[in-house]
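Me: I'm new to this one and would like a walk through it. Can we go step by step?

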Amino acid sequence: MSRAHRSWIATRVGAVTLLAVAALPLVSSAPVSALPNTSSPTLSLARTIRTTPFTGTSSSMRDGEGSAFVPNDPAHPNIGGTDSLWLSEDNGRAIWEINPYTGAIKSSIHDSTWQATKQYSSGSGTGSGAAAGSNRDPDLESIAYDQTNDTLYVFNGKCCKSTVLPTAFRLKRGNDGTFHPEAWQALPSGTDFTASAWHPGDHKVYVGVGSSLRTYDFATNVSGSTFSVSGLSGIYGMSFSTDGNDLFVARSSVKISRVNWNTKAVMSGWTFDLTPFGVRDSRAIELINDQFYVLDGYDGRSSGDPLKYAVFVFNVCCGAANPPVVSFSNTQVASPDLTVQFTDTSTNAPTAWTWDFDNNGSTDSTARNPIHTFPTSGDFLVRHTASNSGGPGTAVTQSVHVDPPGPPAPPVANFTSAKAANPPFTMNFTDTSTGTPTSWAWDFDNDTVTDSTSQNPSYTFAGLGDYPVTLTAANAGGPNSVTKTVQVTATGGPVTATVVGDAYISLSSPTKNYGTYTEHKLLGPSGIYEYRPYYQFSVSGLSGAPSSAVLRLFVTDGGPSGGNWFRVTVPWLENTITWSNAPALSGSPFITVGALTPGQYVDIDVTSQISADGTYSFGASTLSTDSIKFASRETATPPQLIVTP
């Protein structure tokens, strides 16, 4: 979401870190957090978690806003029986559940689910009123996890159009082990709960914006009086320690701070600058097993950069030179069979670890939280040692029970589609489901009847248009379904011209080049703000004027006006074009585009502007102050010029 019209940048989500010492083998329960007892700690980067794309998938976050840590609990286990880290984004109107130790996706929630959620009714105590609709999920900012009631809260802000409605969503756990939106409450106009966390002491949800904090109760939809923490401003994310004595804050200055919650003051020596580690926009913070997890929401990284919207994981050192008090927990994961996730829960800030999984005196792993596959089921003695500058702690040997293989987890259904060369209106479908499905059921005409059981079928539709297609993938663990809208386009030999340049220009930054950005903005004059996109294509293979030519753009953020479009005849370069040197958009536009819907393509007729082979450029302007965004060629949905000879 664009924040060009805001006088300050909103704070981002923090989520509660709720940890409990594991007492039994195979119970995944995060330990009590114990940071070094020192006024001069140091920070070091342990690793990063990639989100563009997520590990082993083609799915990516389109922004980074907030997070919430949900430790596994036998009373209400997470998917796979492991701890979960939830991440929120507004550009994709989505939240994602991942394994914080492997980075693997567990589940996700997207716009259609938010929009179908029912309004909370005090009479029924659940969602039974009107559906949320499309204006209550464009600015998903913060997440808070209430461990006592096993409930997630997700807050939608007010950015960046007057039609966006501040909203609180309540999510409850389903039988599938994950959370689903159950109800929503309308927040007062102008509300922007861009940071939130649940306090384990008073069991209240705290929300924040700027330097202000307050409580919020979902059932009554009432916010408490605002207050502040001495010396704390620019809150982008926050979470509480297990005992509630500490508040951890991600700040707009790309720093994190530790706050004494009892005195409401920033602790001396506990503010860290994250820019030396590569963080550019710290949005959220969690403390998991004595490590800080910080989500970077920086938009300027190029597509394919592994740090784009990554989670940075930091070790904290050092405190008094006392060896660690060694401990660990373990959880058997759903797949592969006989595999156990080990989690170091040692205190006193260890910096090195050794694991002996078969108790033979040899080190099998030096990772902090390794995964190990045992040869058989049964009971195994596992020896673990952790050390720091004070030396090694006393080794701990613990019996770990490994269950025999059971039913696998259901797959996560997914697919891609591509137009076939012939016959007309035929699409080829490719199953991309994870979790090793063994059967597939495709519904191509939305009548709940299976049309194909092939893994990768082809299907001929009745004609041009958009069709909802559902794939249900299943294995011994059960089925899982996904529905996508598939666009069937015309046949007859169209040629997609090569995009050789795309960018946008900004009145407020007249000398800045935006050629490598993943989104292009279109916005009419509004104070110092105005944006215009430019596109350039190389057309070849024509023997004369085409029968049709369409500029196809993927709309990532819609609005009431798609702009006035002009042919640009003055040369320009993607990596140098700025507001100051861009070719003027003069004369009359060759077409004016109306309202655009996000999440789909718009086709702009440019037939009148194409006459033969050559380079063609187009630009757009508008008088609307509702911003539009298009995906750039740095994304998986790049601009296209489709020319039919």
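**A strand and its neighbours**

Reply: Sure, and keep in mind that this is a predicted model. Let's begin with strand 38: 8 of its 11 residues are buried, so the rest of the structure largely encloses this strand.

Me: Which strand does strand 38 pair with over 8 bridges?

Reply: Strand 38 has several partners, so let's take them in turn: 6 bridges join it to strand 43, and those two run antiparallel. With strand 37 (residues 519-526) there are 2 bridges, again antiparallel. The pairing over 8 bridges, also in the antiparallel sense, is with strand 36.

Me: And which residue of strand 38 is the bridge partner of Asp502?

Reply: A few residue pairs help here. Val539 stands opposite Gly614 in strand 43, while Leu523 has Tyr531 of strand 38 as its bridge partner. For Asp502, the partner in strand 38 is Tyr535.

Me: Which residue in the turn between strand 37 and strand 38 has a positive phi?

Reply: Strand 37 and strand 38 form a hairpin with 2 residues between them. In that turn, phi is about 65° for one residue, and that residue is Gly527.

Me: Where does strand 39 come in, and how many residues does it give to the largest nonpolar core?

Reply: That core has 24 residues, and Trp565 and Phe630 have the most contacts inside it. Several strands each supply at least two of its residues, including strand 36 (495-506), strand 38 (529-539) and strand 39 (548-557). Strand 39 gives the most, and its share is 4 residues.

Me: How many residues does the second, separate core have?

Reply: As a general point, nonpolar side chains in soluble globular proteins tend to be buried together. The second core here includes Leu35, Phe248, Phe272 and Val294. Its size is 19 residues.

Me: Is strand 20 enclosed or open, and how many of its residues are buried?

Reply: Strand 20 covers residues 282-288, and it is largely enclosed by the rest of the structure. Its antiparallel neighbour is strand 21 (residues 291-296), joined to it by 6 bridges. One of the pairings puts Leu287 opposite its bridge partner Phe292. As for burial in strand 20, the count is 7 of the 7 residues.

Me: Which residue takes a positive phi in the hairpin of strand 20 and strand 21?

Reply: This hairpin has 2 residues between the strands. The phi in question is near 50°, and the residue is Asn289.

Me: On to the rings: what kind of aromatic pair do Phe415 and Trp442 form?

Reply: The count for the model comes to 45 aromatic pairs. For Phe415 and Trp442, the centres are 5.3 Å apart and the planes make an angle of 70°. An angle over 60 degrees puts a pair in one particular class. So by that cut-off, this pair is edge-to-face.

Me: How many residues apart are Phe415 and Trp442?

Reply: Phe415 sits in strand 30 (residues 415-419) and Trp442 in strand 32 (residues 439-443). Phe415 has 2% relative accessibility and counts as buried; Trp442, at 0%, counts as buried too. The pair links distant parts of the chain, and the separation is 27 residues.

Me: What is the angle between the planes of Trp442 and Phe444?

Reply: Both of these residues are buried. Ring pairs link them into a cluster with Phe415, Phe429, Tyr459, Phe461 and Tyr467. Trp442 and Phe444 are stacked, 5.9 Å centre to centre, and the angle is 15°.

Me: Which residue has its charged end over the ring of Phe415?

Reply: There's an arginine example elsewhere, with Arg258 over the face of Trp270 at 4.4 Å from the ring centre. Over Phe415 the distance from the ring centre is 5.1 Å, and the residue is Lys484.

Me: Tyr309 and Lys264 both interest me. Is Tyr309 buried or exposed?

Reply: Lys264 has a positive phi of about 55° although it isn't a glycine, and it is partly exposed, with a relative accessible area of 25%. Tyr309 has a positive phi too, near 55°, and is found in the loop between strand 21 and strand 22 (311-317). With a relative accessibility of 3%, Tyr309 counts as buried.

Note on methods:
Residues are numbered from 1 along each chain as its sequence is written. This is a predicted model: local features need pLDDT of at least 70, side-chain atom pairs count only at pLDDT 80 or more; totals for chains, interfaces and linings use all residues. Side-chain values use heavy atoms; hydrogens and water are left out. Rings of Phe, Tyr and Trp (its six-membered ring) pair if their centres lie within 6.5 Å; planes under 30 degrees apart count as stacked, over 60 as edge-to-face and the rest as tilted. Buried means under 20% relative accessible area, exposed over 50%, partly exposed in between (1.4 Å probe, protein chains only). A charge sits over a ring if NZ of Lys or CZ of Arg is within 6 Å of the ring centre and within 35 degrees of the ring normal. Two strands pair if DSSP finds at least two bridges between them. A nonpolar core is a set of buried Ala, Val, Leu, Ile, Met, Phe, Trp, Tyr and Cys residues joined through side-chain atoms within 4.5 Å.
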